[in-house]
Amino acid sequence: MKSVKNASKQSPFKPQTLLQQLAQTPDKLFDGKFRQQYAAVCYRHASDREGIEILVLTSRDSGRWVIPKGWPMKKKKPHEAAEIEAWQEAGVRGRVKKKPIGSYTYLKWLDNGDVAPCVVDVYEIEVAEAASDYKERGQRTLEWVSPDEAARRVREVELKSLLVDFKPRRKSAASTAK
């Protein structure tokens, strides 16, 4: 008899591969019902070289590399929700742009074992502050990496493209002069 003590932490509802996920959920994938989420590409100017660094963090459940994201929030605009997620998940704050830089899709496993296809609108945040104490501190690993490295680490193909192509938006032509 197998010991329950040594049972895998992974839910029996979560297949190992993306192909297994797709094969088990065709009705949910093709019914046209996507759930909305908001995410933040948090960036800073690299101190030791030209260019920027993007913040990536691990998800709490699977440990895979992601960017801060979450569900819509009552009485909050989408860019505000992305900003709050960045603060809660990574302890970073800064200037958030009100228009999304793009979007991506992925499959979200819900606590009840169900799967929900999601579309995620992504907002850019130029990080001005990084706190040492925040809501999800100790639950995730955070790393500042190049856009190419950020793209290599995340799983979602559309998000990879957003990260590789990411260029911070400028306020005006005058602000681009150094």
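Let me begin with strand S2, where seven of the seven residues are buried, so that this strand is largely enclosed by the rest of the structure. I should say at once that what we are looking at is a predicted model, and everything I describe this morning was computed from it.

Staying with S2, the burial can be followed side by side along the strand. In a regular strand the side chains alternate between the two faces of the sheet. In S2 one side carries Ile52, Ile54, Val56 and Thr58, the other carries Glu53, Leu55 and Leu57, and all of these residues are buried, which leaves both faces of the strand covered.

Which strands pair with S2, then? There is strand S1, residues 35-45, which runs antiparallel to S2 and is joined to it by three bridges, and in that pairing Tyr43 has Ile54 as its bridge partner in S2. The two strands form a hairpin with six residues between them, and in the turn you will find Gly51, which has a positive phi of about 100°. There is also strand S8, residues 142-145, again antiparallel, with four bridges to S2; here Val56 is matched with Glu143. And there is S3, which pairs with S2 in the antiparallel sense over two bridges, with Thr58 standing opposite Trp65. The hairpin of S2 and S3 has six residues between the strands, and Gly63 takes a positive phi near 80° there.

That brings me to Ser59, which sits in the loop between strand S2 (52-58) and strand S3 (65-66). Is Ser59 buried or exposed? Its relative accessibility is 11%, and because the cut-off for buried is under 20%, Ser59 counts as buried. The side chain of Ser59 makes a polar contact of 3.2 Å with the side chain of Asp61, and another, of 2.8 Å, with the side chain of Ser62. Setting aside residues up to four places away in sequence, Ser59 also touches Arg64, Val66 and Arg140.

Let me now step back to the whole chain, for those who are seeing it today without any background. The protein chain has five helices and eight strands, and read from the N terminus the order is α-α-β-β-β-β-α-β-β-β-β-α-α. It has 178 residues, of which 39% count as buried, and it exposes about 11,300 Å², with carbon and sulfur atoms supplying 50% of that area. If we take the contacts between residues at least 6 apart in sequence, 69% of them join residues at least 24 apart.

A good place to see such pairing across the sequence is strand S7, residues 115-130, which pairs with S1 in the parallel sense over nine bridges, Cys42 standing opposite Ile125. S7 is also joined by five bridges to strand S5, residues 92-96, and these two run antiparallel, with Glu126 in S7 as the bridge partner of Arg95. Strand S6, residues 102-109, pairs with S7 as well, in the antiparallel sense and over eight bridges, and Leu107 stands opposite Pro117 in that pairing. S6 and S7 form a hairpin with five residues between the strands, where Gly113 takes a positive phi near 90°.

From the strands I turn to helix H3, which holds Trp87. With a relative accessible area of 21%, Trp87 is partly exposed. Arg93 lies over the face of Trp87, at 3.5 Å from the ring centre, and Arg93 is also one of the residues that Trp87 touches, the others being Val92, Glu129, Ala131 and Tyr134, not counting residues up to four places away in sequence. The C-alpha atoms of Trp87 and Ala130 are separated by 8.7 Å, although these residues are 43 apart along the chain. A further charge over a ring is that of Lys69, which lies over the face of Tyr106, at 4.8 Å from the ring centre. As for rings paired with rings, a search of the whole structure finds three aromatic pairs.

I will finish with Lys77, found in the loop between strand S4 (69-70) and helix H3 (78-90). Lys77 is exposed, with a relative accessible area of 52%. Its C-alpha atom is 9.9 Å from that of Tyr38, and the two residues are 39 apart in sequence.

Notes: Residues are numbered from 1 along each chain as its sequence is written. This is a predicted model: local features need pLDDT of at least 70, side-chain atom pairs count only at pLDDT 80 or more; totals for chains, interfaces and linings use all residues. Side-chain values use heavy atoms; hydrogens and water are left out. Buried means under 20% relative accessible area, exposed over 50%, partly exposed in between (1.4 Å probe, protein chains only). Contact means heavy atoms within 4.5 Å. Accessible areas come from the Shrake-Rupley method with a 1.4 Å probe; for residues, only the protein chains shown count as cover. A polar contact is a pair of N or O atoms within 3.5 Å; within protein, one must be able to donate a hydrogen and the other to accept it, and residues adjacent in sequence count only if both atoms are side-chain atoms. Rings of Phe, Tyr and Trp (its six-membered ring) pair if their centres lie within 6.5 Å; planes under 30 degrees apart count as stacked, over 60 as edge-to-face and the rest as tilted. A charge sits over a ring if NZ of Lys or CZ of Arg is within 6 Å of the ring centre and within 35 degrees of the ring normal. Two strands pair if DSSP finds at least two bridges between them.
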